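The exercises below are to be worked through with the sequence and the model side by side. Each task is followed by a solution that goes step by step.

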Amino acid sequence: GSRVRLCVVKMGPVEVQFSLLHMSVYSQSFSPCGRFLAAGNNYGEISVFSLSAALSPDASEASQKPILTFTAHDGPVFSLLSTDSHLLSAGNGEISAWSWVELIKRVGVEHLKIDVSLRTSLEIPEINTMVLSLKDNSLFVGGGDNNIHMMDLETGVFKSTLQGHSDYIHCLAVREREGELLSGAEDGAVRIWDSRTGRSVHCVEIYKYEECSRPQFGKWIGCLATDSDWMLCGGGPSLSLWHLRSLSPTSVFPILGCQRQAAFYQDLILSVGEGGSLNHCLLSGEVKAQIPCTPPCLNTLALNGTEQRVLTLGGSSDQIDVFTNLSYRAFSLSF
Amino acid sequence: MASEALKKRKPKVIRNEGGTPEGKRGRGEGEQDSRVYNEEGELEGRDPKQDYQQYKDTCAALAKLMAEIQELKSNGAKDGSVEIEERRRQSCVHFMMLKKLNRLAHMRLKRGRDQTHETKQKVDVLHLQLQNLLYEVMHLQKEIGKCLEFKSQHEEIELVSTEDFFTEAPAEISRPHITKEDPHQLTLARLDWELEQRKRSLAQQYKTSLASKEKIEKGIEVKKEYLSSLLPGLQSIMQASLPLQEYLSMPFEHVQKQAEVAHHLPPPLYVLLVQANAYGQASDKNLSVFISGDVDEAKALSKPPEDSQDDESDSDLEEEQNTKRRRATLGGQLDDKRKEMLKRHPLSLCIDLKCKGLSLCIMIVLHLFFYFLMNLNILTVKTKVSPSSQLCGAVSAGELLNPETLLNCLYASDHGRETPNPANRYQFDKVGIATFADYISDLGHPYRWVQRLGGLQFPCDSPESAVTGSALSANHMESTMKLLRGRLQARLALHKQFISLEHSMIPVSAECQDLFPAKVLSRLARWTTITFQEFVELPMVQHVVKAGLAHETDLFFMAVLERGTARLQAAIVLNPRYPDATPLYSLSLLWKGERSGRTDDNLRAMESEVNVFRMELQGPRPGHQLLTNQLQRLCMCLDVYLETESQVCDGVEGPREFPREKMCLRTARGPNRLKPFKYNHPQGFFSHR
């Protein structure tokens, strides 16, 4: 792949090795066709990998390298999201849109940059999470200013701000059917918002529930996932499965590390976090398997929904693990 | 044939033909000669034509008789009738006649053949004689031809003309009475005269040249005496001028002496000498070059080395043949061969580089001794730093100025452990040398930059440059000298810093104060050096080892930072090219449990703060502040870490061991909740990158 570096300093080969040693992958997103993967890291770079090349029978070491790497933002890229034509990346207080068609052609030119106007006097807060609500064609952005911003995808204008959390937003999840948004934050609360009115319908303080709370780790909520009536949440408190209508925890998973991302997959629950393993859990609360991965701490989990069904994991390493079968790691892509 | 048996010849077969009266009669009686029926004699009397006619007649008569018999028989006559018998008798007679005629014919034929044969033989004999004579004639003709063609040398000698000859030559030689008649004698006489003349003139010339030679010799003697008388005078003048030379700093004599000895240097050392001198004169007043070693041995070496090479190959053969038999002496032979292969040229170069030492008034000198290994065609270098008394201050600095390792990796990955000349591999195999590394402490390091300075180019080097010899040396001289100086100064600076570090003080220079807040509470508790083995066994550095960033040629240290009950261990890899290469830190924190950069994202961020942001930390050129700034930054980050960490036990926030003193805007940010490690000057608060 081609390295397009915007910084002026020329790095020697050893310096490049040092920077690879300290790289963390924070976000991933598959292309609409499912054959490419974009990953964002702590240096503000985005790399595009060709999955179809890496998975083909005559794949070599070169096909596990990116086809394109470019610097997208000044700060780390904590969140990536794909629409059906564009890749959205989040930097410090700004969102950039890149055309997937151009990226596949190895051109890293920004299509659009949106300033989310989060700036305070001394620093610009980060954007940690972005989710799409297809029903009302809006983008929800949660970040370091403790608020959730709602943007209309048609016009690119911010329609409303959902305020309520007392500390920065970690994660968001959308309940399409009910038109609701779930948010988890550093203050330990999970809030359920009505996206039309923009008001917080419920507020659950997870750490107050004895079965989940782990005071030695803190009260922050790092991951959220929802599947119609169910919600997964975890972070400082243990990863737990909640029934949304009754707002009570049904299962608590005995996973030691703090979880940073979780997802429902068929009848399984997959989660990743500190501890460096992919956890397979059952709805009953049992941990079926813990598969070790290359990065010692994992930040992001991504599942491909198209014909090439793969699971990719990124974390505190320059390597992204690729699973073709959920039970073991097939190979790793590297930045 | 019966008649044959009767003749006086050797009887071959006696045919017993019964019924021939002549035969019986012949054998029975003794007087065979008179009674012999000599048919052969008869042969002469008869005419072949007549015989032929008779034969025809007899045949006709016989045929007629047969016909008559036939007729009679067919007419019914009996077998025994008289007419038939009569005719039978007659036909018998005819048959006998035919037989006789047949005999005669055979005899005639034989005789004819014999005669022919005899004649033929005679003809052959005569033919041979003819041939012999013809050959002889031809031979004689050739000989005559040769004789006629013979040119004698005497014809090439120019002789005086006959008239002159007669007038000039004395009578004994010319002998006109004979020579006038006989041309042969005339020529002889003329030759004689020629010889006489030449002898006379040559004798003359010889005398004159002898005389002149004597004269010239005398002249040479005189001049030699004159010159030798001059020599003492010149020496005294040279001596007298020495102080003048020094005063004017034009050390002609020193340079001249050096130039004399330099003629005996091997080519690479000569190139190095010339280039170093040139560089020293042009750019670097603190560089000086000396030649040391045995000049006489060097002179002895200039004999052609082919003999020794032949001996080597012969004795190799011998060696192979003898391996099975004489193992005891093989070791000794090999040893000698090894010594021979690794032999150094008796002359060596010493280049001295002067640098300012720890205190400005003392100069530290870096001595570089360059040797040329003749059979391997490579240069090696040994170092010494003086005065060594200046260099013992810090315990951990032992390795810093170790002459064996001081020049490691002057250029990236130039470890100097193996010979750069690929041809040496074959030579080593012959004498059983496994690796050159075993001999380095003895012979010096064969770094690649040393080969380049000597103008030696080996194929493994970068293929773009096609220059060799002086041009190669000149291209690299300046950069290498600068690197050498830089290396020495960096090590001296480190040495000074280590003295402080061992006293638990991190020396931060005035220019770098802005990188850190005024108050940093964590302090350096311990600073020690560790070996490569010890480093590799540490659990928190496995990612470094796996990435191939720790080599045996690197220096390894352990720093321990402490604050309160917390202890942060930092394992440091120091590349010999410091400060051009950044030291690499790996962290492990002991505080309410053990965490490392692998398990804790914040410790990893701290590692990244010191490893990745070299441009911020290196301070003013040439970057000697890098290590100490890194350490100070670690202390600062440890402060932030400890002060922002929530301390909870038994579900309740307990009393804080480390009260919040550092100004932070936010204590956590991003999905992995990183702490603010970036210090902002002059506002004095911490923020996230």
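**Exercise 1. Take the residue Met606(B) and list its contacts, leaving aside its neighbours within four places in sequence; then set the residue within the largest nonpolar core.**

Step 1. Taking contact as heavy atoms within 4.5 Å, one finds Met606(B) touching Leu568(B), Leu587(B), Leu634(B), Cys637(B), Leu638(B), Tyr641(B) and Phe677(B).

Step 2. A nonpolar core is a set of buried Ala, Val, Leu, Ile, Met, Phe, Trp, Tyr and Cys residues joined through side-chain atoms within 4.5 Å, where buried stands for under 20% relative accessible area, with a 1.4 Å probe and protein chains only. The largest such core has 101 residues, and Met606(B) is listed with Phe370(B), Trp449(B) and Trp527(B) as having the most contacts inside it. Helix α24 of chain B (residues 626–644) contributes the most to this core, namely eleven residues; helices here are DSSP runs of H or I with at least four residues, strands runs of E with at least two, numbered from the N terminus.

The model is predicted, so that local features need pLDDT of at least 70 and side-chain atom pairs count only at pLDDT 80 or more, whereas totals for chains, interfaces and linings use all residues. Residues are numbered from 1 along each chain as its sequence is written, chains are lettered from A and ligands numbered from 1 in the order in which they are written, and side-chain values use heavy atoms, with hydrogens and water left out.

**Exercise 2. Describe the interface of chain B and chain A by its buried area and its salt bridges.**

Step 1. In buried area, the accessible area (1.4 Å probe) that two parts lose on being put together, summed over both, the chains bury about 2,800 Å² between them, with 55% of it on carbon and sulfur atoms. Of the area that chain B buries against chain A, Arg604(B), Arg669(B) and Pro671(B) supply 24%, more than any other three residues.

Step 2. There are four salt bridges between the chains, each a side-chain nitrogen of Lys or Arg within 4 Å of a carboxyl oxygen of Asp or Glu. Arg260(A) and Asp601(B) form a salt bridge through their side chains, at 2.8 Å from N to O. On the side of chain B that touches chain A, α22(B) gives the most, with five residues.

**Exercise 3. Find which residues of helix α1 of chain A are buried, and what they pack against.**

Step 1. Within α1(A), residues 13–21, the buried residues are Phe18(A), Ser19(A), Leu20(A) and Leu21(A).

Step 2. These buried residues pack against α21, β8 (584–590) and α22 of chain B.

Note on methods
Buried means under 20% relative accessible area, exposed over 50%, partly exposed in between (1.4 Å probe, protein chains only).
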